[in-house]
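Colleague: I would enjoy a close look at one sheet in this model. Please begin there, and then work outward so that I can see how the rest fits around it.

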Amino acid sequence: MIRVRDLVRRHGEVEVLRGIDFAIAPGEFVALTGPSGAGKSTLLQILGGLDRGYAGTVEVFGKDLARLGERELAAYRNREVGFVFQAFNLVEGLSALDNVLLPATFGRGVRADRGRARALLERVGLGAKAERLPSELSGGEKQRVALARALLFSPRLVLADEPTGALDEENARGVIAILCELCREGGITAVVASHERAVREAADRHLVLRDGVLEEAA
Amino acid sequence: MRARALLRLVVLGLRRDLRGLLLAVVGVAAGVGALLFFLAAGLGTGELLRTRILPVDARLIEAVPPAVSLGLFGKVELDEATVEELAALPGVKAVYRKMRVRAPAACRFDGDFFGRRLRMGIEVVAEGVEPAYFEGVDRFEDLGEDVVPVVLSPRLLEIYNESFARERGLPRLGERLLVGFEFPVELGRSLLGDDHHRRIPLRARVVGFSPRAMLQGVSIPLEAARKLNARLGVDASRYSAVVLQASDAAQAPAIAERVRALGFEIDDAERRLSQRVGAAVAIATGMLSLLGLLVCALASVNIALALGASVRSRAREFGIFRAVGATSSDVAVLVLGEALAVGGIGGACGVVGARLAAWAADSLFAAHLPPFPFKPETFFAFPPWLFLLGLGVGLTAALLGALAPVRRAVRLDPARILA
């Protein structure tokens, strides 16, 4: 369960999020839309424990994120959250397989399960390209590697920030389909910021963020 | 963070800016190499000084009567009673009496000298010493006949080999070859014309070598010196010096003070010369080593710049690491790991470089410097701790250089970078 109460985030003088309240049930697939600069990325980063400079309460699976220490927050990002970014954010110089295994590098008390990483790459259709470097993959393939990385530790929450923003229509559809399928299969809660119609159609709920204010779409 | 994964990410990070980091490695290697080269040269020269040119046993104090004695209670002399008094001083473990042969002596050699015809005359100074003073020298005792056993200083042999023998075309000699060699000595005769003493012809037999033997003459048994002085009709009861052996070197200064308080002088000319030359070597080594440290400091700045640029260009990468679970400490460890790799490799290269430079310098000296007494095979000393110091300095330079980049890396805001 995700509960957000009276969430305010300022960047200098600018109030990016203005007293947001919402809740998301476990396993829900939520589409988040809104114009550029509305605060979608900021909201996702707060939910993912990357941004701590907010006021209000953010509880994710019973954890008040503001009360977690740096180490606990890192463990939360490592084990319970999977990020998917618009710009893929793969590490150049590491193969697709090693990129998928990257969370294991920083996980405490976890084993680098290469079998699971390979299985995830198979699942996103890149089993044959596991040893390729990011520079040898297309945009769609990179995003699928990023998706596999987000799911390595079977997180309870996936946060995707414009995952198809840098992809052509065909690749975008493919990535959305895989994302939906994997989240549904694993009972993973997902918040996907996207302008893609396919995302809105696949989502259980549709939230709209406009000028820092969140509304439930009709 | 797992060590293997850390290593892989460190290597990955180093490969990002290979040229910049290679320059940083070269900087550390140059600094460490220069530092070690000069330190090794200082250590080698100091060791040469201490062990061969001016060997000084810090436990020994040589007391001599004052050159001018104006004491209210009479002349300060080294007779048996005062020697006993000195031996009873706290911290004195043993005393060794010395008595000069109080007449001139000359050696006129005309004959076969190890296969070469040699004709020469030389003034000889002889000093009697208690046999126990020369550890490990056998047959050093008064033979009671006209053959006097003598102990020579190895430094005298070195000067003969590298200077006298070379100039006169005489054979180079070793200690073992010279043991048993006899040469004529005429006591009471001087080549300078001081012929008023009774003359006593003797044969001197070399029985051994000791660094404690006198440099500018020959050491003979104390009893032989006493008898010869008696035969010459000169003072055979008072000693010319007495050597006090402290139970440990730390007590020597206090004993020397007490000896001075009793009105004696300390014959420490060689010790003071050794200290002065040693200090000069230490100062020169220190100055040159500072140069090496300065290069290390510049290498540290270079590392700071190279790593700083690397951290700036990899901000997004560090943001990704944070997003998948890295703490700021993990990021710090990564950057530090890269710095330590640079410092470690640079330090190791510096160590090897210093060793090679020392070898090259020794080869050059061997080929181009003319032979001279005490010329060593190597002017450098590389004790094991010097290698560890080289690595340590390399790693320290890298760590210091990494401070600012690490600070920058841990302060990166992943939310802002990944937005």
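Modeller: Happy to. Let us begin with two strands of chain A: S1 (residues 2-11) and S4 (residues 54-60) run antiparallel and are joined by six bridges. One pair to find on your screen is Arg3(A), whose bridge partner in S4(A) is Glu59(A). Please keep in mind that this is a predicted model.

These two strands belong to an open sheet of four, and its order is S2-S1-S4-S5 in chain A, with antiparallel pairing. At the edges of the sheet are S2 (14-24) and S5 (63-64) of chain A, each of which pairs on one side only. As a reminder of what holds such an arrangement together, strands of a sheet pair through backbone hydrogen bonds, either parallel or antiparallel.

Stepping back to the whole of chain A, you will count eight helices and ten strands. Its radius of gyration is 17 Å, close to the 17 Å that the globule rule gives for 218 residues, so chain A is as compact as a globular protein of that length. The C-alpha trace of chain A spans about 45 × 40 × 30 Å along its principal axes. Of the 218 residues in chain A, 49% count as buried. Contacts in chain A often bridge long stretches of sequence: among those between residues at least 6 apart, 71% join residues at least 24 apart.

Leu90(A) is a good residue to zoom in on next. You will find Leu90(A) in the loop between strand S6 (81-84) and helix H3 (96-100) of chain A. Although it sits in a loop, Leu90(A) counts as buried because it has 26 C-beta neighbours inside 10 Å, and the cut-off is 20 or more. Leaving aside residues up to four places away in sequence, Leu90(A) touches Asn99(A), Pro134(A), Lys142(A), Val145(A) and Ala146(A). As for Arg144(A), its C-alpha atom is 11 Å from that of Leu90(A), and the two positions lie 54 residues apart along the chain when you count from one to the other.

Now for the nonpolar interior. The largest nonpolar core has 120 residues, and the members that touch the most others are Val100(A), Leu121(A), Val28(B), Ile303(B) and Val335(B). Its largest share, 14 residues, comes from helix H2 (residues 18-53) of chain B. On the chain A side, Leu121(A) touches Ala96(A), Leu97(A), Val100(A), Leu126(A), Gly127(A), Ala130(A) and Ala148(A), again without residues up to four places away in sequence. Apart from this core lies another, of 43 residues, among them Met99(B), Ala103(B), Leu157(B) and Val259(B). For background, in soluble globular proteins nonpolar side chains tend to be buried together.

That brings us to where the chains meet. The contact takes 21 residues from chain A and 22 residues from chain B. On the chain B side, helices H1 (3-16), H9 (315-323), H10 (328-368) and H12 (414-418) each supply at least two residues. The largest share of that side, six residues, comes from H9(B). By class, the side of chain B that touches chain A has 13 nonpolar, three polar and six charged residues.

Chain B itself has twelve helices and eleven strands. Its radius of gyration is 32 Å, well over the 22 Å that the globule rule gives for 419 residues, so chain B is more spread out than a compact globule. Its C-alpha atoms fill a box of roughly 110 × 55 × 35 Å along the principal axes. Buried residues make up 32% of the 419 residues in chain B.

The domain assignment helps in reading this chain: it gives domain 1 (3-54 + 275-418) and domain 2 (66-263) of chain B. The centres of these two domains, taken over C-alpha atoms, are separated by 52 Å. Five residues of domain 1 are in contact with five residues of domain 2. The domain 1 side of that contact has four nonpolar, no polar and one charged residues.

To finish where we began, with strands, look at S5 (residues 126-129) of chain B. Strand S2 (residues 92-100) of chain B pairs with S5(B) in the antiparallel sense over three bridges, and Arg100(B) has Glu127(B) as its bridge partner. S5(B) also pairs with strand S9 (residues 218-221) of chain B, in the parallel sense and over four bridges. There, Val129(B) stands opposite Pro221(B) in S9(B).

Technical notes: Residues are numbered from 1 along each chain as its sequence is written. Chains are lettered from A and ligands numbered from 1 in the order in which they are written. This is a predicted model: local features need pLDDT of at least 70, side-chain atom pairs count only at pLDDT 80 or more; totals for chains, interfaces and linings use all residues. A residue is buried if 20 or more other C-beta atoms lie within 10 Å of its own, exposed if 12 or fewer, and partly exposed in between; C-beta atoms are placed from the backbone. Two residues are in contact if their C-beta atoms, placed from the backbone, lie within 7 Å. Ala, Val, Leu, Ile, Met, Phe, Trp, Tyr, Cys and Pro count as nonpolar, Asp, Glu, Lys and Arg as charged, and the others, Gly among them, as polar. The radius of gyration is taken over C-alpha atoms; the globule rule is 2.2 Å times the number of residues to the power 0.38. Two strands pair if DSSP finds at least two bridges between them. Domain bounds come from an automatic or database domain assignment. A nonpolar core is a set of buried Ala, Val, Leu, Ile, Met, Phe, Trp, Tyr and Cys residues joined through C-beta atoms within 7 Å.
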